[in-house]
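Biologist: I am new to this structure and would like to learn how its features are read. Might we go through them one at a time?

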Amino acid sequence: MLWIIGVLGIVLLTLCTAGAGVGLVVGFIFFLVSFGEMKNRSRTLSRLLLSKDTLMIVGTMGVVLVYFFLSYWNLKMIGDATFPGLLGSAIRKISGRQLLTAAALYTFWTMISLYWLLPKVFSFDRLGLKIQLIALGAAGTSILVGIMKL
């Protein structure tokens, strides 16, 4: 049972990590494209860097970057817990507590970013229901595997 939930968590977290990475790359490319257009409109660099558009883009990309690192950390922890390999019993002793800590941080950041930061602070509410369900499913399986490893 633990193996099946671990593999499900690996699949969901791989989707989340890959999606966040692609979002960062695409966001950075669009930022560079819009940076050129904003450069023509404003004369000074400080006005350009402190514009509302630039702060919104950098803030959104910061939220996604933290999400990317947390999902990668959870992916690594679930992979080590599900497939310990040569690490054996040494990883089994500490993996439950670390995985539960990582899962709690990941779940907290997922909930904060999906339901408060992105829609309310950065006005980015175009995430679909499937993406939200995958992110929440990944958080749930992380917590479940962490509890089962204790």
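**Reading the features of a helical model**

Modeller: Let us begin with a pair in one helix: D80 and K76 both belong to helix α3, where four residues, about one turn of the helix, separate them. Please keep in mind that this is a predicted model.

Biologist: What does D80 form with K76?

Modeller: The general idea comes first. Side chains of opposite charge can pair when their charged atoms come close. In this case, D80 and K76 form a salt bridge, with 3.5 Å between the closest N and O atoms. The cut-off for such a contact is 4 Å. The structure holds one salt bridge. As for its surroundings, K76 has a relative accessible area of 44% and is therefore partly exposed.

Biologist: How many helices and how many strands are there in the protein?

Modeller: There are five helices and zero strands. Followed along the sequence, the pattern reads α-α-α-α-α.

Biologist: How is one to tell whether a residue such as T54 is buried or exposed?

Modeller: One looks at the relative accessible area: under 20% is buried, over 50% is exposed, and values in between are partly exposed. T54, which has its place in helix α3, counts as buried because its relative accessibility is 3%. Across the protein, buried residues make up 38% of the 150 residues.

Biologist: How far apart are T54 and F31 in sequence and in space?

Modeller: T54 and F31 are separated by 23 residues in sequence, and their C-alpha atoms are 8.0 Å apart in space. A second pair can be read in the same manner. G23 is found in helix α1, whereas L65 is found in helix α3. These two residues are 42 residues apart in sequence, with a C-alpha to C-alpha distance of 9.2 Å.

Biologist: Why do G23 and L65 count as partly exposed?

Modeller: G23 counts as partly exposed because its relative accessibility is 37%. For L65 the value is 35%, so L65 also counts as partly exposed.

Biologist: What is the volume of the largest pocket?

Modeller: Again, the general idea first. Rolling a probe the size of a water molecule over the atoms shows where empty space is left. Here, the largest pocket has a volume of about 840 Å³. Its lining comprises 30 residues, and those closest to the centre of the pocket are G23, T60, V64, F124 and L127. Two or more lining residues come from each of the elements α1 (2–41), α3 (52–82), α4 (89–121) and α5.

Biologist: Which element gives the most to the lining of the largest pocket?

Modeller: That element is α1, which gives eleven residues.

Biologist: How many residues of each class does the lining of the largest pocket have?

Modeller: In the lining of the largest pocket, 21 residues are nonpolar, eight are polar and one is charged.

Biologist: Which residues make the nonpolar surface patch?

Modeller: M1, L144 and M148 make this patch, which covers about 310 Å². Residues enter a patch only with over 30% relative accessible area. M148 has a relative accessible area of 35%, so M148 is partly exposed. M148 is located in helix α5, which spans residues 129–149.

Biologist: Thank you. I shall now look for each of these features in the structure itself.

Methods
Residues are numbered from 1 along each chain as its sequence is written. This is a predicted model: local features need pLDDT of at least 70, side-chain atom pairs count only at pLDDT 80 or more; totals for chains, interfaces and linings use all residues. Side-chain values use heavy atoms; hydrogens and water are left out. Patches are made of residues with over 30% relative accessible area and no salt bridge: like charges are joined within 9 Å, nonpolar side chains (Val, Leu, Ile, Met, Phe, Trp, Tyr) within 5 Å. Accessible areas come from the Shrake-Rupley method with a 1.4 Å probe; for residues, only the protein chains shown count as cover. A salt bridge is a side-chain nitrogen of Lys or Arg within 4 Å of a carboxyl oxygen of Asp or Glu. Buried means under 20% relative accessible area, exposed over 50%, partly exposed in between (1.4 Å probe, protein chains only). On a 1 Å grid over the protein atoms alone, a cavity is a set of points where a 1.4 Å probe fits but cannot get out, and a pocket is an open set with protein on both sides within 12 Å along at least five of seven lines; lining residues have an atom within 4 Å of a point. Grid points are joined across faces, edges and corners, and a volume is the space filled by probe spheres set on the points. Ala, Val, Leu, Ile, Met, Phe, Trp, Tyr, Cys and Pro count as nonpolar, Asp, Glu, Lys and Arg as charged, and the others, Gly among them, as polar.
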